[in-house]
Structures are given as C-alpha cells and as structure tokens.
Amino acid sequence: MTILILLALSMAAAAMTMTAAAAASFSIELIHRDSPKSPFYNHSATSLDRARAAIYRSAHQARRIAARAQRRGGIEPSDVVSKVVPDSFEYLMELRLGTPPFSILAIADTGSDLIWTNCVPCTKCYKQTAPLFDPASSSSYRTLPCDSNPCKALPHSPCGAGGTCEYQYAYADGSKIDGVLGTEDLTFDSSAGTPVVISNIAFGCNSQSSGVFSGRTAGLAGLGASPVSLASQLVPSLDKKYFSYCLVPMSDAQASSKVIFGSAGVVAGDKVTTPMTVEDSFFVLRLEEIIVDGAGTVPVPASATGLKTGNIIIDSGTTVNYLPTGVLSSLVQEVSRVVSLPNATDPDRLLPLCFTVAGEADRQKLPFITFKFAGEASVRLSPTSMFMQEANQVVCLAVADTGSDTPILGNVAQQNLHVGYDLDVKEVSFASADCATL
Ligand SMILES: *[C@@H]1O[C@H](CO)[C@@H](O)[C@H](O)[C@H]1NC(C)=O
Ligand SMILES: *[C@@H]1O[C@H](CO)[C@@H](O)[C@H](O)[C@H]1NC(C)=O
C-alpha cells in the first residue's frame, strides 16, 4: 500500500520537472558517527567505548521502532516522529541543497520520513555550528501548497498563510520542530562522474527546533519507506527502482560506507534474495530459522508484534539485533552448547550471552550463525558480525531481547554485506562484500 502511494506520488512530482533530467544512478557516503570524518568523533574513545555506546544506543532505537510499529496509522501526530530521538543515530550524510548547492550535515535515519534542515532566520532553533540554509539565496527553492501530496503525507500539517504547507512535529522527549514544507534541488555525485541534480525534493525548512538535537548536525534525512523520505523521493529519477548499502565494520575507522541509488547499486555475484514488504516506514522480512554452526536450528515464529506481513524489520540505524524472548533463549542455548569459553556477564546487562575471550585463539571458538529468510535465503554471518566486545576480554552475542516489541535485524549483522532493495520486485538481496572497496 505504502509503496503504491509512494510511486504514484513521486511519479506525479517527477512528471512536472523530470522531463530534461536523464535517469540517474549515484551514491551517497554514509558517515559513521564515530569515524574521523564525523563531528562526533572522539579521539580519546577506544573501540571498546564505541562498541559499548552503540549497544546502549540500540536499546533506544529499538524502543522507538517498536513504539512506532505498534501505534502505526495512529491518531497522535507525534507518533510518526517519536522514534527519531536525534542523538541515538548511527550514520550521517552530507546533502547538497539548493542552487547553488549548500552543504548540510544531516542525520541519516532509516526509520523515519521527513527530510528537514534549519532555515534562516531560525530565531527559535537549537544552535548549530554550521551556517544556516537560507532559502532566499537559493533560486530553486519553492514552498509547497497545503493540497500538495507531500503535505497530505505528513501527519500534522496545518495550513499556513497563503495556503503554504506547514508542519509541527513533537518528539516524545519534548524536542520539537516546525516550519514550512518546500521543495529543493539536491545535488549528488554520480557514478558517471558529473554531478546529478534531482529537482523538486520535498523537505522541511525549520523555523523552530528545540530539544536534544546536537548543534553539530544541521538536519535529518529520512531514509525509510514512506512517501516523503529521501529514498522514496529519489526513486522516480533513477534508472532502476533500486538502492543498496554496504556498511564497513565498525573496527575500520578509515573506510566509508555508502548507499547507492539506481542500477549501479544492484547486488551482484553470489547473492541470496528474499521477499520484502513495506509497512509504514519499515522494510519487513520473514526470518524462518537461525542455525548455529555445530549446534542446532532455532525456529522463528511467523508472526511478530507490530508487523502484519513478516516477522523482522531490517534496519541500518540500530546496532544490535532484537529477537523475541523465546527465540533468543533457544539461540542462547544453542550457542552456549558449542562455545567452550567461560561465561561472562555484560556489565550493562543489555546482552544476555557473553564469554571471556582472552585472545585470538579464543575468538576462533565463536561460531558462525546463519539467518535463513523466506525463499531459501541463507545469510551466513561470521563471529565478527554476530558478537561484539562489551568490556575488556568480554565478548557478547549481539542479540538482545525484544520482549513484547518488534524484532529488528541490526547493522552489526549487516557489516560487510552488500544489501540491495529492489523496490519494483519488492525483494532484498544479500551478498558478502568488502564494503571498504565496493
Ligand atoms: C570521549 O571518550 C572518553 C573515553 O570514553 C570519555 O571519557 C569522554 O567523555 C568522551 N568525550 C566526549 C565529549 O564524549
Ligand atoms: C553459561 O550460560 C548459559 C546461558 O545462560 C548457560 O546455559 C550455561 O549453563 C552457562 N555455563 C556455565 C558453565 O555456567
């Protein structure tokens, strides 16, 4: 349903402006918050500090995803944005907005919708370090009327003076944004070398923003599946309705991850493919079983809290995986059956199964674990994708208990996998990859 609306809407927008533009394929770098390119980079943090902080942030991300999935189609306007608590993101991206292009550093949020930035004069905005985007200095800026499709797609969009679409978002933690919905050109680097300009991208130009936003970011780019997300709005301009990403392991601070739109992003080689559905902003898969090398197979129930068409959300903005209590306890049993290392305790008590790992020889004792999705799509994950260091000599299974909430396939499991979303056929493909060189 969502994808149909999305395509109809984007095609209508495309018909107005895309006559001259060629179908494109291009990529955007995903900047991990802890990489040296990020303004959040902390020189004194160790890889252990970073892993621990990421696990901690996961709990917040998972809770927001669950809240949104379970109150989907809800009445409260704040529902749609309650999951975007701005400081628990994992990736940033640079967007070049307007004519001439103006760079903003935005939070890349896979589970949310609207693209927004703070705009001049922003007298009631959180204080950002970078200069504000000024719509008056961009020749391509336009406001959107209240009866436009992007305006109607927003949860809470009062009609402003002169019929201009306005939005007011309130976050669960008391943070707020509001402003005017406009359209702009976005400029991207194409795989062909010359920059690609995509016109008429709907975005929120904030006149107010307050709360826990960090001044080191100037906005947010929703990468989810809803009609006003960046991904959905780019689709009609692409040479293929497809995007993919490849996430470098957290231990590789120098390399960068990216998201590739269009045909250049198609997952090639030795891949497996599983059907995908879209629910609200989320991409949903059906996980059938989990197989622990050398031990047994854990079946996964077909239904899950908050989902109608599958049993797990695939998300790049949550670090650890979240599985239902019963599945997790069976998995813990199977893993502890094959691992001959002393048990340890997660000092933060977020991950249920940890071991004392004294060195490389001990690491070798951790098993590969296979996630088998519908359609015989078996994704075999190495110990580096399924275990995270939580303390000195303590390594934990990167799976937490979702309790009665919605299961999530997180980003640690997706490291060094090329993950492709075919929006025409509605399927997701996985292939092993060295994301640093893709
Ligand atoms: C940087 O990391 C160190 C070590 O984990 C920590 O003590 C410090 O508070 C961090 N600084 C900031 C600004 O987050
Ligand atoms: C280690 O923990 C697992 C899971 O809680 C448990 O099944 C197992 O008996 C424990 N092993 C030892 C030696 O305590």
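**Exercise 1.** Locate Pro 121 and describe the peptide bond that precedes this residue.

*Solution.* Pro 121 is found in the loop that runs between β4 (116-118) and β5 (142-143), where strands are DSSP runs of E with at least two residues and helices are runs of H or I with at least four, numbered from the N terminus. The peptide bond from Val 120 to Pro 121 is cis, with omega near 5 degrees.

This is a predicted model, in which local features need pLDDT of at least 70 and side-chain atom pairs count only at pLDDT 80 or more, while totals for chains, interfaces and linings use all residues. Residues are numbered from 1 along each chain as its sequence is written, and side-chain values use heavy atoms, with hydrogens and water left out.

**Exercise 2.** Describe the setting of Ser 214: is this residue buried or exposed, and what does Ser 214 contact?

*Solution.* Begin with position: Ser 214 is found in the loop between β8 (195-210) and β9 (219-222). Next, a relative accessible area of 17% makes Ser 214 buried (under 20%, against over 50% for exposed and in between for partly exposed; 1.4 Å probe, protein chains only). Then, the side chain of Ser 214 reaches the backbone nitrogen of Arg 216 at 3.0 Å. Finally, leaving aside neighbours within four places in sequence, Ser 214 is in contact (heavy atoms within 4.5 Å) with Phe 40 and Tyr 126.

**Exercise 3.** Characterise the backbone and exposure of Lys 426.

*Solution.* Lys 426 is found in the loop between β27 (417-422) and β28 (427-432). Phi of Lys 426 is near 60 degrees, a positive value in a residue other than glycine, and Lys 426 is partly exposed, with a relative accessible area of 31%.

How values were computed: Chains are lettered from A and ligands numbered from 1 in the order in which they are written. A polar contact is a pair of N or O atoms within 3.5 Å; within protein, one must be able to donate a hydrogen and the other to accept it, and residues adjacent in sequence count only if both atoms are side-chain atoms.
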